[in-house]
Amino acid sequence: MYVDMLHLGMDEEFEGIIDQIEAGEIKANKIIFLATAGMDKEINPNWIEVQDLKELLLEVKYVAKLVDETELPYTILRPVEVSDEVQNVALNIIPEGEKISVDRVSEANLRTVIIDAITTNNYINQSIGISNKG
């Protein structure tokens with residue numbers, strides 16, 4: 001299951017999805033959650049335009065916790081700002097807890113990581129930062 005819902009209210013929306021998984025209404029063998037860099041304070045996500053950024057980041061952390069608690073294999077993707085203006089340069093995968101220094105990633109590179117996370121077990125049970133090498 002691929003989850004991309006970065007908006008206020010995502011916590012309640014994802015709780016509904018969890019209820020459906022637990023009830024057997026949704027079948028999933030793993031969860032790939034597209035979160036954002038900044039949820040772990042490794043970078044300031046000033047590119048996110050939302051009325052209450054602090055609340056959004058709290059919701060992202062909460063959804064990540066819910067993903068972990070499903071006991072399904074998971075990958076949490078934490079990209080920096082995604083831009084189609086950025087060229088498809090070398091990709092940088094950053095382990096959880098490490099600072100992220102580059103502030104934009106190409107759409108093509110992010111798409112590559114999403115497909116890799118969905119089709120392989122390369123990032124199972126990990127939260128990874130994603131940026132272009134600067």
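Helix α1 spans residues 10-22, and Glu12 is found in it. Please keep in mind as you read that this is a predicted model. Glu12 is one of the residues in a surface patch of negative charge. Elsewhere, the structure holds five salt bridges, and some that share partners join Asp40, Glu42, Lys61 and Arg78 into one network. There is also a largest nonpolar core of 38 residues, plus two loop residues worth a look for their backbone angles, Lys41 and Asn125.

**The acidic patch**

- Five residues gather in this negatively charged surface patch: Glu12, Glu15, Asp19, Glu22 and Glu25.
- Glu12 has a relative accessibility of 60%, so it counts as exposed, the cut-off for that label being over 50%.

**The salt-bridge network**

- Let's start with Lys61, which forms a salt bridge with Asp40; their closest N and O atoms are 3.0 Å apart.
- That pair links distant parts of the chain, with Lys61 in helix α2 (residues 53-69) and Asp40 in the loop between β2 (31-34) and α2, 21 residues apart.
- Both of these partners count as partly exposed: Lys61 has 38% relative accessibility, and Asp40 has 24%.
- Asp40 also forms a salt bridge with Arg78, where the closest N and O atoms are 3.8 Å apart.
- Because Asp40 sits in the loop between β2 and α2 while Arg78 belongs to strand β3 (residues 74-79), this pair ties together parts that lie 38 residues apart in sequence.
- Arg78 meets another acidic side chain, that of Glu42, in a salt bridge with an N to O distance of 2.5 Å.
- Here again distant parts of the chain are linked: Glu42 is in the loop between β2 and α2, Arg78 is in strand β3, and 36 residues separate them.
- Is Arg78 buried or exposed? Its relative accessible area is 0%, so Arg78 is buried.
- Glu42 is buried too, at 6% relative accessible area, since the label applies under 20%.
- Put together, salt bridges with shared partners make one network of Asp40, Glu42, Lys61 and Arg78.

**Two positive phi angles**

- As background, most residues other than glycine have a negative phi.
- Lys41 has a positive phi, near 60°, and is not a glycine.
- Lys41 lies in the loop between β2 and α2, and with 72% relative accessibility it counts as exposed.
- Asn125 is another non-glycine residue with a positive phi, of about 55°.
- You can find Asn125 in the loop between α3 (107-119) and β7 (126-132), where its relative accessible area of 44% makes it partly exposed.

**The nonpolar core**

- In soluble globular proteins, nonpolar side chains tend to be buried together.
- Which residues touch the most other members of the largest nonpolar core? They are Phe14, Ile31, Phe33 and Leu77, out of 38 residues in this core.
- At least two residues of this core come from each of α1, β2, α2, β3, α3 and β7.
- Helix α2 gives the most to this core, supplying six residues.

Key. Residues numbered from 1 in each chain as written. Predicted model: local features only at pLDDT ≥ 70, side-chain atom pairs only at ≥ 80, totals over all residues. Heavy atoms only, no water. Patch = residues over 30% accessible without salt bridge, like charges linked within 9 Å, V, L, I, M, F, W, Y side chains within 5 Å. Areas by Shrake-Rupley, 256 points an atom, 1.4 Å probe, with all protein chains shown as cover. Salt bridge = Lys/Arg side-chain N within 4 Å of Asp/Glu carboxyl O. Lys, Arg positive; Asp, Glu negative; His and termini not counted. Charge placed at Lys NZ, Arg CZ, Asp CG, Glu CD. Helix = DSSP H or I, 4+ residues; strand = E, 2+ residues; numbered from the N terminus. Buried < 20%, exposed > 50% of the residue type's maximum accessible area, 1.4 Å probe, protein only. Core = buried A, V, L, I, M, F, W, Y, C linked by side-chain atoms within 4.5 Å.
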